[in-house]
Amino acid sequence: NNPSFNGAVKLSAEERRTKIHRYINKRNHRNFAKRIKYACRKALADSRPRVRGRFAKNDEFERIECDTDDDDGGGTHRAE
C-alpha cells in the first residue's frame, strides 16, 4: 500500500553477486544440531511429570500412576 515502493528493486551486477554469495554462505553454514539454549528451562522440563512423552498435570500423573500400579505390569493398554 506504500506508493513509494513499487515492487522489486533493481540491483547492479556486483550488488546481486554479493547478496547471492551471502545467501549461499549462510545456507551452507546452517546448524540443525540440537542445542540447549536455556539450561534452566531444560531442568524444569526434565523435572515435570510426563504421560506418553507429554507434560501432564500432577493430579493426572498420580491418577495414571495409580492405574498402572493396579495392573500386572502391562502398561496403560489392557489386553481383553
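Here a trainee and a mentor talk through a predicted model of a protein.

Trainee: Let's start with the layout: what pattern does the protein follow along the sequence?

Mentor: Happy to begin there. The secondary structure comes to three helices and two strands. Read along the sequence, these elements follow the pattern α-α-β-β-α.

Trainee: Which element of the protein has the highest mean pLDDT?

Mentor: Keep in mind that the model is predicted. The protein averages a pLDDT of 79, and 66% of its residues score at least 70. Where pLDDT is low, the predicted coordinates should not be read in detail. Among the elements, helix α3 (residues 58-70) has the lowest mean, 66, while the highest, 96, belongs to helix α1 (residues 13-28).

Trainee: How far apart are the end C-alpha atoms of α1, and what span is expected?

Mentor: Helix α1 has 16 residues, and 1.5 Å is counted for each residue. That gives an expected span of 22 Å, and the distance between the end C-alpha atoms agrees with this, at 22 Å.

Trainee: Is α1 largely in the open or buried?

Mentor: A residue has to be under 20% relative accessible area to count as buried. In α1, the number of such residues is zero out of 16. Therefore the helix lies largely in the open.

Trainee: What share of the residues in the protein is buried?

Mentor: For the surface as a whole, the protein exposes about 8,300 Å², with carbon and sulfur atoms supplying 49% of it. Of the 80 residues in the protein, the buried share is 5%.

Trainee: Which residue forms a salt bridge with Arg17?

Mentor: Side chains of opposite charge can pair when their charged atoms come close. The partner of Arg17 lies with it in helix α1, three residues apart, about one turn of the helix. This partner is partly exposed, at 48% relative accessibility. The closest N and O atoms are 2.8 Å apart, and the residue is Glu14.

Trainee: There are two salt bridges by this rule, so which residue pairs with Lys42?

Mentor: Lys42 is partly exposed, with a relative accessible area of 35%. Its partner is four residues away in helix α2 (residues 39-47), about one helical turn. The closest N and O atoms of this salt bridge are 3.3 Å apart, and the partner is Asp46.

Trainee: How many aromatic pairs does a search of the whole structure find, and which ring has the charged end of Arg48 over it?

Mentor: The search for aromatic pairs finds zero. Rings do meet charges, though: the charged end of Arg41 sits over the ring of Tyr38, 4.3 Å from its centre. For Arg48 the distance to the ring centre is 4.1 Å, and the ring belongs to Phe55.

Trainee: Which residue other than glycine has a positive phi near 55°?

Mentor: Most residues other than glycine have a negative phi. The residue you want is in the loop between β1 (50-51) and β2 (54-55). With a relative accessible area of 67%, it is exposed. The residue with phi near 55° is Arg52.

Note on methods: Residues are numbered from 1 along each chain as its sequence is written. Side-chain values use heavy atoms; hydrogens and water are left out. pLDDT is the predictor's confidence in each residue, from 0 to 100. The expected span of a helix is 1.5 Å times one less than its number of residues. Buried means under 20% relative accessible area, exposed over 50%, partly exposed in between (1.4 Å probe, protein chains only). Rings of Phe, Tyr and Trp (its six-membered ring) pair if their centres lie within 6.5 Å; planes under 30 degrees apart count as stacked, over 60 as edge-to-face and the rest as tilted. A charge sits over a ring if NZ of Lys or CZ of Arg is within 6 Å of the ring centre and within 35 degrees of the ring normal. A salt bridge is a side-chain nitrogen of Lys or Arg within 4 Å of a carboxyl oxygen of Asp or Glu. Accessible areas come from the Shrake-Rupley method with a 1.4 Å probe; for residues, only the protein chains shown count as cover.
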